[in-house]
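Notebook open, viewer open. I'm jotting down what I look up as I go.

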Amino acid sequence: MNQPQDQIEGTPLIKPSTTDHPLYEQVVEACRSVFDPEIPVNIYDLGLIYTIEISSENDVEIIMSLTAPGCPVAGEMPGWVADAVEPLAGVKSVDVGMTFEPPWGMEMMSDEARLELGFM
């Protein structure tokens, strides 16, 4: 019998982002301005931003994770992301949600982040 966490075969673990929206690149750049205080790499290149969904009304929904559930800034990081994205021209609202499914892994880092942290 299927457990609630079982996914339908072929369903992506991470919901796709609205990459074709005109605000998408600006939202990504705003996310790149937020850093995990313990790691000298921005949270976007670390792979902590899972989904950026932007509605036709320019409501931005961001689903993010942390490198570890016990991260000391867990309660603050979504606010930092919202504070970075909200001032962008055209953004109507920002909602930042937290998830640990799928768990973050080092394979989610960009090549730039791997290089910065000495993994390449």
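**Entry 1: the sheet**

Which residue of E3 does Ile62 stand opposite? I looked it up, and the partner in E3 is Val96. Before going on, a reminder to myself that this is a predicted model.

Next I followed Ile62 the other way. Ile62, in E2, is also the bridge partner of Ile52. I then checked how the strands pair. E1 (residues 49-54) and E2 (residues 59-64) are antiparallel, with five bridges between them. E2 and E3 run parallel and are joined by six bridges. General background for the notebook: sheet strands pair through backbone hydrogen bonds, in either a parallel or an antiparallel sense.

Putting the strands together, I get an open sheet of three strands in the order E1-E2-E3, with mixed pairing. E1 and E3 are the edge strands, each pairing on one side only. From one strand to the next, the twist averages 15°. H1 packs on this sheet and touches E1 and E2, and its direction makes about 145° with that of E1.

**Entry 2: E1 and Thr51**

Is E1 enclosed or open, given that it sits at an edge? I find five of its six residues buried, so the rest of the structure largely encloses E1.

I picked Thr51 in E1 for a closer look. Its relative accessibility is 3%, so Thr51 counts as buried. I listed its contacts, skipping residues up to four places away in sequence: Ile14, Lys15, Pro16 and Ser17 on one stretch of numbering, then Glu61, Ile62 and Ile63. I also took one distance: from Thr51 to Ser65, 14 residues on in sequence, the C-alpha atoms are 10.0 Å apart.

**Entry 3: the hairpin and an odd phi**

The hairpin of E1 and E2 has four residues between the strands. Asn58 is found in that loop. I checked its backbone and got a phi near 70°, which is positive although the residue is not a glycine. In general, most residues other than glycine have a negative phi, and most peptide bonds are trans.

That sent me looking for a cis bond. There is one from Glu101 to Pro102, with omega near -5°. Pro102 lies in the loop between E3 and H4 (111-116).

**Entry 4: same loop, Met106**

Met106 also has its place in the loop between E3 and H4. Buried, exposed or in between? Its relative accessibility is 41%, so I logged Met106 as partly exposed. Leaving aside neighbours within four places in sequence, I find Met106 in contact with Arg114 and Phe119. From Met106 back to Ser93, 13 residues apart along the chain, the C-alpha separation is 31 Å.

**Entry 5: two helices and what covers them**

Which residues of H1 (24-31) are buried? I get Tyr24, Val27, Val28, Ala30 and Cys31. They sit on the same side of H1, because the arc they cover around the axis is only 160°. The general rule behind this kind of pattern is that an α-helix has 3.6 residues a turn, so residues three or four places apart point the same way. Among the elements covering the buried residues of H1 are H2, E1, E2 and H3.

I repeated this for H3 (residues 77-85). Its buried residues are Met77, Pro78, Val81, Ala82, Ala84 and Val85. They too lie on the same side of their helix, because their arc is only 160°. The cover over the buried residues of H3 includes H1, H2 (43-46), E2 and E3 (93-98).

**Entry 6: cysteines**

How many disulfides does the structure hold? Zero. Cys31 is in none, and its nearest cysteine sulfur, in Cys71, is 16 Å away. Seen from Cys71, the closest cysteine sulfur is that of Cys31, and 16 Å is too far for a bond. I checked burial as well: Cys31 is buried, at 0% relative accessible area. Cys71 counts as buried too, at 9%.

**Entry 7: the record**

Last, I looked at the annotation. The unreviewed UniProt entry puts "domain: MIP18 family-like" on residues 25-96. For that span I noted 28% helix and 22% strand, with the end C-alpha atoms 17 Å apart.

How values were computed:
Residues are numbered from 1 along each chain as its sequence is written. This is a predicted model: local features need pLDDT of at least 70, side-chain atom pairs count only at pLDDT 80 or more; totals for chains, interfaces and linings use all residues. Side-chain values use heavy atoms; hydrogens and water are left out. UniProt positions are given in the numbering used here, feature names are shortened, and annotations may be inferred rather than shown by experiment. Helices (H or I, at least four residues) and strands (E, at least two) are DSSP runs, numbered from the N terminus. A disulfide is a pair of cysteine sulfur atoms within 2.5 Å. Buried means under 20% relative accessible area, exposed over 50%, partly exposed in between (1.4 Å probe, protein chains only). Two strands pair if DSSP finds at least two bridges between them. The arc is that of the directions from the helix axis to the C-beta atoms. Contact means heavy atoms within 4.5 Å. Axes are lines fitted to C-alpha atoms, for helices over the stretch in contact, and angles run from 0 to 180 degrees between N-to-C directions.
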